[in-house]
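Take a walk through this structure, one element at a time. Keep the view open as you read.

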Amino acid sequence: MQAWQVHQLGEPSQVMQLQHVERPVPGAGQVLLKVRAANINFPDVLMCRGHYQVRPPLPFTPGVEICGETEDGRRVLANPALPHGGFAEYTVADAAALLPAPDTLDDAEAAALHIGYQTGWFGLHRRARLEAGETLLVHAAAGGVGSAAVQLGKAAGATVIGVVGGADKVAVARELGCDVVIDRRTQDVIAAVKEATGGRGADVIYDPVGGEAYTQSTKVVAFEGRIVVVGFASGSIPSPALNHALVKNYAILGLHWGLYGTKNPKLIQHCHEQLTELAARGAIKPLVSERVPLGGGAAAVQRVGDGVTTGRVVVVPSLENGAAA
């Protein structure tokens, strides 16, 4: 079969190599899956660079989220068992953690439903306890993680403010349903949020960016507001001033979604049921901006790493002509 392999750490476009390798052999409790679609996540970029908290042994295949097919023909969502990641024709995953792919979504959309939407659901509902009528501010609202939070916020009855970078992303955020869109490249984010909220600020802030975005969040969070720290796509990890959190009376909430897989896996199943229901009634639908063949995997992962994509970029092996089995 064909699979992207990383033999040394660095930028994805430089270290990912498409190679012919043997199909992975499932270990105890694992199943072999044919990859129907593999969604690209920022952790794939960080893994290639050696900057992620999970560091699989070299060589490894990136790709942490797929829609796959079992040997008996079922469509499932899975997190591949590294080092056998999803940017390949076949992968392996833990049988107990498989989730049914929603019938209302195609393979690429289904592949993009899992991590980003689970993270959004846990962040907004489990951690921040977002309520209908509250104001939600989402940084990087046109990106893969942010777009999921926007849709989930709207589905929960919140007023959603999206912060993006660039006119093309402004248009995407509006299409996603943001009530207010702020272009950080041309607008003063802090002033714009205060104007949009009548000076009150946002009740919940969803931050997958870190750096300057986090600093902005602390200045526009409302009384008893909650800042959900999801990641650091900016590459800069902020150091919170806890005296500031005390004086303004807001909460800083960390979210590492992967921990639920070992700490409370039943919640992941419950969340998937909620997401499937939302997808069935059209309240959420992953924004897939690109479907690329397996051969375009490295370039696509690099584009995600460079921050030039919107929504989700998904690798679909069946788009490849003449791929080896």
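Which residues of α5 are buried? They are Gly 144, Gly 146, Ser 147, Ala 148, Ala 149, Val 150, Gln 151, Leu 152 and Gly 153. Bear in mind that this is a predicted model. Nine of the twelve residues of α5 are buried, so this helix is largely enclosed by the rest of the structure.

Now check the length of helix α5. The helix covers residues 144-155. At 1.5 Å a residue, its twelve residues should span 16 Å. The C-alpha atoms at its ends lie 17 Å apart, which agrees with that expectation. After α5 comes Gly 157, with a positive phi near 90°.

Move on to helix α8, residues 212-220. Its buried residues are Ala 213, Tyr 214, Gln 216, Ser 217, Thr 218 and Val 220. Several elements cover them. Among these are the helices α7 (189-196) and α9 (242-248). The cover also includes the strands β8 (135-139), β11 (202-207), β12 (221-229) and β13 (251-254).

Next, strand β15, residues 312-315. Arg 312 is found in this strand. Arg 312 is buried yet has no salt bridge. What is the nearest side chain of opposite charge? It is Glu 65, 4.9 Å away. A salt bridge requires a separation within 4 Å, so that distance does not qualify. The side chain of Arg 312 does make a polar contact, at 3.4 Å, with the side chain of Asn 41. Beyond residues up to four places away in sequence, Arg 312 touches Asn 39, Ile 40 and Asn 41, among others. Its contacts also include Gly 144, one of the buried residues of α5. Further partners include Val 145, Leu 287, Val 288, Ser 289 and Glu 290.

Val 314 sits in strand β15 too. Val 314 counts as buried because its relative accessibility is 0%. Leaving aside neighbours within four places in sequence, Val 314 is in contact with Ala 37, Ala 38, Asn 39, Ala 108, Val 288, Glu 290, Arg 291 and Val 292. Asn 39, Val 288 and Glu 290 are also touched by Arg 312. Val 314 and Arg 36 are 278 residues apart in sequence, yet 10 Å apart in space, C-alpha to C-alpha.

Last, the cysteines. How many disulfides does a search of the whole structure find? Zero. Cys 271 is in no disulfide, and the nearest cysteine sulfur, that of Cys 67, is 17 Å away. A disulfide needs the sulfur atoms within 2.5 Å, so this pair does not count. Cys 271 is buried, with a relative accessible area of 0%. Cys 48 is buried as well, at 0% relative accessibility.

Technical notes: Residues are numbered from 1 along each chain as its sequence is written. This is a predicted model: local features need pLDDT of at least 70, side-chain atom pairs count only at pLDDT 80 or more; totals for chains, interfaces and linings use all residues. Side-chain values use heavy atoms; hydrogens and water are left out. Helices (H or I, at least four residues) and strands (E, at least two) are DSSP runs, numbered from the N terminus. Buried means under 20% relative accessible area, exposed over 50%, partly exposed in between (1.4 Å probe, protein chains only). Lys and Arg count as positive and Asp and Glu as negative; His and the chain ends are not counted. A polar contact is a pair of N or O atoms within 3.5 Å; within protein, one must be able to donate a hydrogen and the other to accept it, and residues adjacent in sequence count only if both atoms are side-chain atoms. Contact means heavy atoms within 4.5 Å. The expected span of a helix is 1.5 Å times one less than its number of residues.
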